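This briefing goes through one chain, from its overall dimensions to a few individual residues. The topics are fold, surface and charge, salt bridges, backbone exceptions and two loop positions.

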Amino acid sequence: MTDQIQVHTEVTARGLPANLWRPKLEAAPTPRLLPIVAGRPVTVIAPHPDDESLGAGGLLHRLTTAGCTPTVVIVTDGAAGYPGAGPMQRRDLVRTRRRETWAAIRQLCQKGAQPIFLDIPDGEATAHEDELTDRFTDLLPADGLVLAPWPDDPHPDHQVVGRAARIASARAGRELWQYPIWMRHSIQPDDPRVDDATLTVVCLSAAERQAKRRAILAHKSQIHSPFSGYGPVLPDHVLELFADGLEPFFVPRIP
């Protein structure tokens, strides 16, 4: 009898070493004050369910603890994380990821927040860029801060959502901070896309790091693959990129 070893298809390949970016991020400017005062609204725009926690979870926790009012916008339905999933499995995954998003937000926002799901098909944001720009413009509150993905992030959905958020924020006159997700996975620190002049890094407290970790872990379907034969979207080597308590943002210059 021969032992059979199940081989899992790797959904997310191993990227750059987790500590490669640490010297640059530790040397970057750190905001000494909150970007907005207590009581004002903060809007987090996430391309996929989990990006709100990975990219901006620590700062969102800090702002809501200080009394800011959160809104979390989830752009795509998150159905395309596992390429081998069939139509029914993808529908189940969408429902699962919605539940996980609610659970993650409860970890980040003490008084909770009701997420807004735009249900753009996962992986197809490019076809909806103009629509997203208009929808973001309509959704943004009268004042406050917008946290959105960095438009130079390697993921195409992140690029589209980042560009749309930048245009919408400019139209509405809102302050915008943009968070990278896959930068530390795939981009070298000296890459020309990385604008040192606009980079700022939020150093998270122990409580903020714990809240962020709990929120990320709430996205169970990304950490433990629900499909046999496939590895997780967020394996340990990816989670390590978000575990050092350093949360980078790019703050676009106002023309």
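The chain has nine helices and seven strands. Its radius of gyration is 18 Å, close to the 18 Å that the globule rule gives for 255 residues, so the chain is as compact as a globular protein of that length. The model is predicted.

**Overall dimensions and packing**

- Taken along the principal axes, the C-alpha atoms fill a box of roughly 70 × 40 × 35 Å.
- Of the 255 residues in the chain, 51% are buried.
- Among contacts with a separation of 6 or more, 84% are between residues 24 or more positions apart.

**Surface and charge**

- The chain has an accessible surface of about 12200 Å², and carbon and sulfur atoms account for 52% of that area.
- There are 27 positive and 31 negative side chains.
- The centres of the positive and negative sets lie 6 Å apart.

**Salt bridges**

- The count of salt bridges comes to 14.
- D143 and R40 form one salt bridge, with an N to O distance of 3.7 Å. This pair links distant parts of the chain, 103 residues apart: D143 is in the loop between α4 (129-139) and β4 (145-149), and R40 is in the loop between α1 (22-27) and β1.
- D143 counts as partly exposed because its relative accessibility is 34%, and R40 is also classed as partly exposed, at 29%.
- E208 and R62 meet in a salt bridge of 2.8 Å, N to O. E208 belongs to helix α7 (residues 206-218) and R62 to helix α2, so the pair ties together parts that are 146 residues apart in sequence.
- E208 is buried, with a relative accessible area of 8%, whereas its partner R62 is partly exposed at 22% relative accessibility.
- In the salt bridge between R163 and E129, the closest N and O atoms are 2.9 Å apart. Here R163 sits in helix α5 (residues 156-172) and E129 in helix α4, and the pair links distant parts of the chain that are 34 residues apart.
- R163 is partly exposed, with a relative accessibility of 34%.
- A network of salt bridges links R22, E26, R184 and D244.

**Positive phi outside glycine**

- D50 is not a glycine, yet it has a positive phi of about 115°. D50 is in the loop between β1 (41-46) and α2 (51-65).
- With a relative accessible area of 6%, D50 is buried, because buried means under 20%.
- D119 is another residue other than glycine with a positive phi, near 60°. D119 is found in strand β3.
- The relative accessible area of D119 is 39%, and D119 is therefore partly exposed.

**H219, in the loop after α7**

- H219 is placed in the loop between α7 and α8 (220-223).
- At 0% relative accessibility, H219 counts as buried.
- Not counting residues up to four places away in sequence, H219 touches P49, D50, E52, S53, E100, T101 and A104. One of these partners, D50, has the positive phi of about 115°.

**A113, in the loop before β3**

- A113 lies in the loop between α3 (87-108) and β3 (116-120).
- A113 is buried, with a relative accessible area of 13%.
- Leaving aside neighbours within four places in sequence, A113 is in contact with P70, W102 and I105.
- How far apart are A113 and W182 in space, C-alpha to C-alpha? The distance is 26 Å, for a separation of 69 residues in sequence.

Key
Residues are numbered from 1 along each chain as its sequence is written. This is a predicted model: local features need pLDDT of at least 70, side-chain atom pairs count only at pLDDT 80 or more; totals for chains, interfaces and linings use all residues. Side-chain values use heavy atoms; hydrogens and water are left out. Helices (H or I, at least four residues) and strands (E, at least two) are DSSP runs, numbered from the N terminus. Buried means under 20% relative accessible area, exposed over 50%, partly exposed in between (1.4 Å probe, protein chains only). Contact means heavy atoms within 4.5 Å. The radius of gyration is taken over C-alpha atoms; the globule rule is 2.2 Å times the number of residues to the power 0.38. Accessible areas come from the Shrake-Rupley method with a 1.4 Å probe; for residues, only the protein chains shown count as cover. Lys and Arg count as positive and Asp and Glu as negative; His and the chain ends are not counted. The place of a charge is taken as NZ of Lys, CZ of Arg, CG of Asp or CD of Glu. A salt bridge is a side-chain nitrogen of Lys or Arg within 4 Å of a carboxyl oxygen of Asp or Glu.
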